[in-house]
Every structure is written in C-alpha cells, then in structure tokens.
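Trainee: Please show me the model before we discuss its packing, pairing and ligand shell.

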Amino acid sequence: MLATDLEAYLRSKAGYHVVALPRARLNVCDVREVESAIEACHPSVVINTAAVHVDDCEASPDDAFRVNAWGPRIVARACERRGAVVVQISTGGLFGDEVRAYDEYEPVSLRTAYARSKYAGEEYVRQFCERHFILRLGWLYGGGITHRKNFVVARYREALGKSVVKSACDKHGSPTCARDVATTIHNLFETDAYGLYHVANEGGCTRAEYVRAILSAFGLDTTVEDIDSSHFPRKANIPDCEMLTSFNLGYAGVPRLAPWNEALSRYVESIKGAEGLA
Ligand SMILES: NC(=O)c1ccc[n+]([C@@H]2O[C@H](COP(=O)([O-])OP(=O)(O)OC[C@H]3O[C@@H](n4cnc5c(N)ncnc54)[C@H](OP(=O)(O)O)[C@@H]3O)[C@@H](O)[C@H]2O)c1
C-alpha cells in the first residue's frame, strides 16, 4: 500500500530514478538478494516498506522478527556498506493506553509481537546504518482501490446498502494518508537531518469517528454505532492509543502533515467515482 503511493509520487518528481522491487523480486530477509539488488542499482536511498502485520506477527513471531527486525538489519548493513541512506518504515503502535498524542521522545511500551519486532528493526537500523531515517506512521490508508489493506475503501464497501455499521469507540489513532507520507519522505530527503520521525496526519480520533468521517466524505448516511473493541476480538493486545505527534519534523524544518480529516476528504474526493470502487 505505502510502496504503491511512494513509487507513484517519487516517479512524478524530477531527478529520481525509482526502482520498486516487489516481494517476488526481492526478499528483504535474504542477504544475497538484498546485496545483489543494491549492487545492481547503486541507490542513493533505500526505502524499506516490507512488513508482516499485527495479527500475523502474533500468530508467527518467528516470521515477525525475520521480516520486521532481521530484514531491516540486512538492508541497513548493505546500505552502510554501499554508502546509501536507509529509510525504515516503522509504526506508531509502540505506546500505551493513555489517550494522548505520543511524540518521538516518549518511552515505548512494547505489548505486541508486531511492536517488539518493529522496534527491534528500528534498533538494528540505528546500529548498522549511520545515515538513516526511521519513520513511525499512524493508521495508514492509501494505495490503489483494490488494495486489500485500504481501510477507507473497505469501510465504504462494507457500509454500502446498510443503515447501520458498528465500530470501536475505545481505540484511538491518527488516520494517515500514504500520499502525505510520500511527500514527507521527499521533504526529508532535502535535509540531512537523519533520525527518528513520527509521521502522521495531525490530530486523532477513535475508530468509530474515523469510520464516520469516511462514510460522510463518500456522502453515505449510514449510522456508525459506537461499540467496545471487545466485539472485534484480535490475536494481538493492541494499545488503546496510537495517536502520534511530531516534534522532530518541526526541528528539521519539514512541514507537519495536514489535519487527518482534511487529508481524508482530499483522498476520498480523489477516488470517488473510480471504476470498480463500489
Ligand atoms: N497499514 C498500517 O496501518 C500501518 C501503520 C503504521 C505503519 N505501517 C508500516 O508501513 C509499512 C508499509 O505497510 P503497508 O500498510 O503498505 O503494508 P502492505 O501493503 O502489506 O506492504 C507490505 C509489503 O511487504 C511485503 N513483504 C512481506 N514480507 C516481505 C519480505 N520478506 N521481503 C519483501 N517484501 C515483503 C508484503 O508482500 P506480500 O503482500 O506478498 O506479503 C507487502 O507487499 C510497513 O512497514 C508497516 O509496518 C503500516
């Protein structure tokens, strides 16, 4: 999802030659594949978006740490050796239950296998590649309308023809547009302010408020009923709050992202009426 939007965005910018390698062409856990890809491309920057997601990590911690921790270690070492900058994509799901926006200087609280594996990936990148950007993202949406992880499109389709849908009112996060993340990555490239950044559209909401905003942007009048997240059992013990804010973007002179509801409206306008959406 993120890689799709990143590729499109960077291809639209002058001065970039983009090589986007899907999993079928590059396994980030395979040292030889990573080293030979970097050898062949001579990249100045490598962006690692590969990941195993939350519930799959709980089901298979071995795979979680292989892809989310050891993979970034391999990529970071190869980048350091070839003099490339590495951008490692991490997550905002590293904090606790207290409902407030977490900045880059908050201590982490690693409750899920996903959080532990992504944080271990961050640590390897810090350790093995001096010139690195680590970006912790909010609740991400974007990619094509057929992308299986596109939360915005999924909620729209789920609501079609229904008068009521239910959504959790006790989970909080910062909905984040992948296209805005791509812009921020590009802005960070203009600096040499390597380090850790929280990258999320400004503000935050509950899942139910997010779904309400999605349906309203599509012009649906479906009611969104607030319910407790225990009605959506998950393998992982997800923290109640994944809202993010950034101090470091400001310090680096990089614009913060637009408020989440503005970014969401803009995104929905851009896909409304697309063939195959409904
Ligand atoms: N989605 C969110 O809400 C969210 C929030 C915060 C941070 N993030 C982070 O953002 C990044 C991008 O996530 P996304 O939502 O765009 O997820 P996505 O669409 O699932 O992209 C992740 C990609 O990684 C690939 N992959 C898995 N194992 C791999 C391996 N060993 N080698 C190479 N590629 C591999 C997957 O391939 P397959 O499809 O073939 O498995 C998938 O295409 C991830 O680092 C994620 O942790 C996501």
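Mentor: What follows is a short exchange on two helices, a sheet and the ligand shell. This is a predicted model, where local features need pLDDT of at least 70, side-chain atom pairs count only at pLDDT 80 or more, and totals for chains, interfaces and linings use all residues. Residues are numbered from 1 along each chain as its sequence is written.

Trainee: How are α6 and α8 oriented to each other?

Mentor: Helices here are DSSP runs (H or I, at least four residues), and strands are runs of E, at least two, numbered from the N terminus. Axes are lines fitted to C-alpha atoms over the stretch in contact, with angles from 0 to 180 degrees between N-to-C directions. Helix α6 (residues 151-159) and helix α8 (residues 207-217) pack at about 75°, with axes 10 Å apart. Angles of 65 to 115 degrees count as roughly perpendicular, so α6 and α8 are roughly perpendicular.

Trainee: Which strands are the edge strands of the open sheet β9-β6-β11?

Mentor: Strands pair if DSSP finds at least two bridges between them. The sheet has 3 strands with mixed pairing, and β6 (residues 172-173) pairs with β11 in the parallel sense over 2 bridges. Those that pair on one side only are β9 (205-206) and β11 (241-242).

Trainee: Which residues come nearest to the ligand?

Mentor: A residue is near if its C-beta atom, placed from the backbone, lies within 6 Å. Elements giving two or more residues to the shell are α4 (61-82), β2 (85-91) and β4 (139-141). Of the 18 residues around the ligand, the nearest are Met-1, Leu-2, Ala-50, Ala-51 and Leu-140.

Key:
Angles under 35 degrees count as roughly parallel, over 145 as roughly antiparallel, 65 to 115 as roughly perpendicular and the rest as oblique.
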